[in-house]
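Here is a short set of exercises to work through with the model open beside you. Try each task on your own before you read its solution.

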Amino acid sequence: MPSIPAMPELPEVETVRSGLLAALAGRRVQRVELYRPDLRWPIPTARVRGLAGRRLTGIARRSKYLILEFGGPSPPCALVHLGMSGRLFVTPLRGRAAPDRQQHEHWRLFFADRVLRYVDPRRFGVLDVVPKDRVSAHRLLAGLGREPLDDTFDGAWLFAATRLRTAPIKSFLMDGRRLVGVGNIYASEALFRAGIRPTRAAGRLTRAECDRLATAIQDTLRDALAAGGTTLRDYRRADEDLGSFQLDLGVYGRAREACRRCGTPVKRIVQLGRATFFCPGCQR
DNA sequence: CAACCCACCTGACTGC
DNA sequence: TGCAGTCAGGTGGGTT
């Protein structure tokens with residue numbers, strides 16, 4: 001049964017999506033358990049309980065939101081975000097016995113022989129239920145920017161979108177109204193791969209740099225996705241959380257260590273209150 | 001608008 | 001061991 005890494009950036013969320021889809025698609029919710037009325041925002045408890053009896057028909061993803069789609073009359077969907085510390089996983093039901101509730105476990109969807117569980121210590125996550133035909137207009141989804149793994153994301157778009165922007169390129173990459181799915185780790189990593197300093201004004205990147213950066217973002221996300229798949233396969237045997245992906249990080253978390261490419265010590269700075277890592281030797 | 005700051009929470013880790 | 005302080009992967013809302 002799939003589980004979830006404790007590092008929910010886009011590749012991790014996508015890994016969760018495909019794992020949950022394989023484990024749960026076509027199955028009917030038999031019972032719902034909700035252990036608190038809110039996470040980051042209030043949970044519409046009646047609508048969540050109304051999922052009982054419905055079949056899970058699909059799971060979509062937009063940015064780092066998972067959209068669990070259900071069948072039946074006026075089909076609803078559940079909007080789920082893992083926040084910083086959320087995990088979703090499936091546990092088999094042995095006979096009638098439900099598993100013990102974990103610390104910080106906030107809700108469960110019971111299916112006939114398995115249960116989908118949500119654990120989130122920091123409670124920055126989201127659970128909402130809305131009619132399926134209105135989900136794209138949901139206030140949390142309506143203003144979101146481009147998906148970096150879509151065909152429409154490329155250097156030409158990045159160049160056009162950054163013109164006249166004075167904010168640092170790293171801040172631009174993490175602004176969900178422009179581009180989604182690039183979190184704090186992958187923003188530093190993609191800029192390292194592209195050889196671009198995170199402090200550069202976005203609007204001053206050249207067209208060639210935008211091409212390199214767009215490619216670097218996609219490569220970084222795809223590599224992490226591939227690593228996620230590996231971890232997920234291992235997980236089936238381990239039945240324990242492996243903790244994190246084995247993606248090699250070029251700069252993230254490596255302050256004062258030698259750059260793997262040029263040997264210059266990696267620097268750590270703070271942008272928008274978040275740690276940024278870069279190599280002063282090979283990022284210009 | 002654009003850019004930035006802050007809050008929301010708990011847990012892990014560091015240094016005294 | 002204990003304890004205080006720091007930091008953490010996200011991101012919407014508020015302020016300048």
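Two strands count as paired if DSSP finds at least two bridges between them. Keep in mind throughout that this is a predicted model.

**Exercise 1. A hairpin**

Task: Find how many bridges join strand 2 to strand 3, and name bridge partners across the pair.

Solution:
- Step 1. Start with strand 2, residues 56-62, and look across to strand 3: six bridges join the two, and they run antiparallel. At least two bridges are required for pairing, so the pair qualifies with six.
- Step 2. Pick out partners. Arg61 stands opposite Leu66 in strand 3, and Ile59 has Leu68 of strand 3 as its bridge partner.
- Step 3. Go to the turn. The hairpin of strand 2 and strand 3 has two residues between the strands, and Ser63 takes a positive phi near 55° there.

**Exercise 2. Two sheets**

Task: Give the strand order of each open sheet of four strands, then name its edge strands.

Solution:
- Step 1. The hairpin from the previous exercise belongs to an open sheet with the order 2-3-4-8 and antiparallel pairing. Strand 2 and strand 8 each pair on one side only, which makes them the edge strands. From one strand to the next, the twist averages 20°.
- Step 2. Another open sheet of four strands has the order 1-6-7-5, again with antiparallel pairing. Its edges are strand 1 (31-34) and strand 5 (87-92), each pairing on one side only. Here the twist averages 15° from one strand to the next.
- Step 3. Zoom in on strand 6 (residues 105-110) and strand 7 (residues 114-119), which pair in the antiparallel sense over five bridges. In this pair, Arg108 stands opposite Arg117 of strand 7.

**Exercise 3. A helix across the strands**

Task: Which strands does helix 1 lie across, and at what angles does it run?

Solution:
- Step 1. Helix 1 covers residues 10-24 and lies across strand 5 and strand 7, running at about 25° to strand 5.
- Step 2. Helix 1 also lies across strand 2 and strand 3, with an angle of about 175° to strand 2.
- Step 3. Interpret the angles: they run from 0 to 180 degrees between N-to-C directions, so the value of about 175° puts helix 1 and strand 2 in nearly opposite directions.

**Exercise 4. Positive phi**

Task: Where do Ser74 and Arg123 lie, and is each buried, partly exposed or exposed?

Solution:
- Step 1. Recall the background: most residues other than glycine have a negative phi.
- Step 2. Ser74 has a positive phi of about 45° although it is not a glycine. Ser74 sits in the loop between strand 3 (65-70) and strand 4 (76-81). Its relative accessible area is 65%, so Ser74 is exposed.
- Step 3. Arg123 has a positive phi near 60° and is likewise a residue other than glycine. The loop between strand 7 and strand 8 (126-131) holds Arg123. With a relative accessible area of 32%, Arg123 is partly exposed.

**Exercise 5. Buried helical residues**

Task: Why can helix 5 be called largely enclosed? Then describe the setting of Gly228.

Solution:
- Step 1. Helix 5 spans residues 184-194, and ten of its eleven residues are buried, so it is largely enclosed by the rest of the structure. Among the buried residues are Asn184, Tyr186, Glu189 and Phe192.
- Step 2. Just after helix 5 comes Gly195, with a positive phi near 75°.
- Step 3. Gly228 lies in helix 6 (residues 207-238). Gly228 is buried, with a relative accessible area of 1%.
- Step 4. Gly228 and Glu14 are 214 residues apart in sequence, and 8.9 Å apart in space from C-alpha to C-alpha.

**Exercise 6. Empty space**

Task: Describe the lining of the second largest cavity and of the largest pocket by residue class.

Solution:
- Step 1. The whole structure has two cavities of 30 Å³ or more. The second largest holds about 40 Å³ of space.
- Step 2. Val48, Leu51, Leu68, Ala78, Trp107, Leu109 and Leu127 line the second largest cavity. By class, that gives seven nonpolar, no polar and no charged residues.
- Step 3. The largest pocket contains about 900 Å³ of space. Of its 30 lining residues, Lys64, His81, Met84, Gly183 and Arg274 are the closest to the centre.
- Step 4. The lining of the largest pocket has 17 nonpolar, seven polar and six charged residues.

Definitions and conventions
Residues numbered from 1 in each chain as written. Chains lettered and ligands numbered in written order. Predicted model: local features only at pLDDT ≥ 70, side-chain atom pairs only at ≥ 80, totals over all residues. Heavy atoms only, no water. Contact = heavy atoms within 4.5 Å. 1 Å grid on protein atoms, 1.4 Å probe; cavity = no way out; pocket = protein on both sides within 12 Å on 5 of 7 lines; lining within 4 Å. Points joined across faces, edges and corners; volume = space filled by probe spheres on them. Nonpolar A, V, L, I, M, F, W, Y, C, P; charged D, E, K, R; others polar. Buried < 20%, exposed > 50% of the residue type's maximum accessible area, 1.4 Å probe, protein only.
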